[in-house]
Amino acid sequence: MGLFSRKSSSKANSINSDNMSKNGRKGSQASVASGSSTSFTTQSRISNPGGGSSGLPSIPAVELPPAPDPALDPSGYLRSINAVRERSKFVIDAALKNQLTNFTVDLEKFNDVAEYVVSIIKRDYAPDYHTIPPHGRWQHFEVGGTPRVDNLLKSWPADIDAMERTRRLIDLFLVSVLLDAGAGNNWQYKANNGKIYRRSEGLAIASLEMFTAGLFSSNPEQKDQADGMALKQLTVETLAKGLQVSPENPIEGLEGRSNLLIRLGGALDNQQFFGVDSRPGNMLDYLLQHPTTQKLGVTPVITIPTLWSVLMDGLAPIWPQSRTQFDGISLGDAWPCSSMPPAPGWERIVPFHKLTQWLTYSLLVPMSKLMGIMFVGEDLLTGLPEYRNGGLFIDTGLLTLKPAQVERGIKKYHDNAQKAGQPSVEVVPMFTPDDDVIVEWRAATLGFLDLLLDEVNKMLSLNGSDGLSLAQMLEAGTWKGGRELAEVSRPNTKEPPIMILSDGTVF
């Protein structure tokens, strides 16, 4: 049962999944199977991450490469950014009819969710909504109001040009995002300034301080970088020391995080994307020289699918082989879901690619700020289907886990509580990432975030180009709102309403 019980106006029942095209893709009409390309003519908001009017001219029409045809290449299609929203639409359609397998849906609570998110946004940003930054890792480095990224940039010699500065930030951000799975309720990090940080912000500060200490660099003359040679030599013990992990300060998924970074070291041997010195930041050179990259005057114009291909193809070796596979190809963060249409093959799988999307959102910011790059097709990206955004919809009562699943999840929680260091208070249902409950929850979350954006902009009286982007709503409203509701609902642990038994490579 959520925190909200007041009946909402009947207009909440008028929401429908047709709005997802408008909200998520701004009118994109790419067909699932036609293979047609999509033309985008609007300037990406991310090109001005500080907020406010950029004063930049409109980007000319840019043809986005189409998604692979699922009839010919289902694995390629499911790994594409296009598939994330297109496949999850089946689940949100079922949710709007209250026909989910594991949850009941109370659409009368949808208006309450929107009002709560709007209240958070107004509290922190009114009336200057244009100053809301896009969701990304940069903000986590700024916890406590300290401009750590700017300070890092200032610490480098003046003769380090914008290209190399951007490469170094890409190095940092990529490693930091891959470490940014849920840390659990008991872990904390004491920073060099003596302050204690937890959760995502704690992982951000820890990764920054490990980066500047040279933990991810094989070049003693240049500590502020990440490269394949250093990452391949990383050990669980080294990372545990960097994260200050101990029996008294446990972190969830330590081994999974370590293996992810070690495998990243091997993936960086791909010189096409990451250059001869195997650095993530060298993807900048690849993107700028890519045949799909255009110029608007001196401003590079890069398509989101081009960046997505680098991240999905270049980082494919890092994902555990235990993930869902189709035709022998690992699909990454993609899972079968009972709410998908009955079918024998790939059609039952819902892709999310949450860490890759979080990485995409995060890398856009330094490339835009430092290099002035414009990105086209940002609206292909979706809301992040993770436990803060998803927890928002449960704690407000829009989604309620069905009794049989609650019973099963509570048993899992109690079984897990027998292990040392695991939570045993404020009991909530617990499941593994591949459980149908989690997959359906994530897919419904993705769809409701699209629908919520339209309602939030209406309530804020923001229209057209003045409206918040999905990335801005994630940053200022839903992610923050989900966390704050968890703190109120479960003040001892601040855990989400459903816990995920993570291996450190999904959430």
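Visitor: Leaving aside neighbours within four places in sequence, with which residues is Leu-261 in contact?

Guide: The structure is a predicted model. Once the neighbours of Leu-261 within four places in sequence are set aside, a list of partners remains. Those in contact with Leu-261 are Val-175, Leu-178, Leu-179, Phe-216, Leu-231, Leu-234 and Leu-239.

Visitor: Which helix gives the most to the largest nonpolar core?

Guide: The largest nonpolar core has 135 residues, and Leu-261 is listed with Leu-264, Met-283, Leu-399, Phe-448 and Leu-452 as having the most contacts inside it. With 13 residues, the helix that gives the most to this core is the one spanning 436-459, H18.

Visitor: How many residues has the other core, which lies apart from the largest one?

Guide: Tyr-77, Ala-83, Ala-334 and Trp-346 are among the members of this other core. Its number of residues is nine.

Visitor: Is Ala-181 buried or exposed?

Guide: Ala-181 is placed in the loop between helix H7 (162-178) and strand S4 (189-190). Its relative accessible area is 2%, and the cut-off for this class is under 20%. Ala-181 is therefore buried.

Visitor: How are H7 and H8 oriented to each other?

Guide: H7 and helix H8 (residues 199-212) pack with their axes 9 Å apart, at an angle of about 135°. Angles over 145 degrees count as roughly antiparallel and those of 65 to 115 as roughly perpendicular, with 35 as the limit for roughly parallel. Because the angle fits none of these classes, the two helices are oblique.

Visitor: Which residues of H8 are met by H7?

Guide: From H7, the residues taking part are Arg-168, Asp-171, Leu-172 and Ser-176. By class, the contact has five nonpolar, two polar and two charged residues. On the H8 side stand Leu-203, Ala-204, Ser-207, Leu-208 and Phe-211.

Technical notes. Residues numbered from 1 in each chain as written. Predicted model: local features only at pLDDT ≥ 70, side-chain atom pairs only at ≥ 80, totals over all residues. Heavy atoms only, no water. Core = buried A, V, L, I, M, F, W, Y, C linked by side-chain atoms within 4.5 Å. Buried < 20%, exposed > 50% of the residue type's maximum accessible area, 1.4 Å probe, protein only. Helix = DSSP H or I, 4+ residues; strand = E, 2+ residues; numbered from the N terminus. Contact = heavy atoms within 4.5 Å. Axes fitted to C-alpha atoms, helices over the stretch in contact; angles between N-to-C directions. Nonpolar A, V, L, I, M, F, W, Y, C, P; charged D, E, K, R; others polar.
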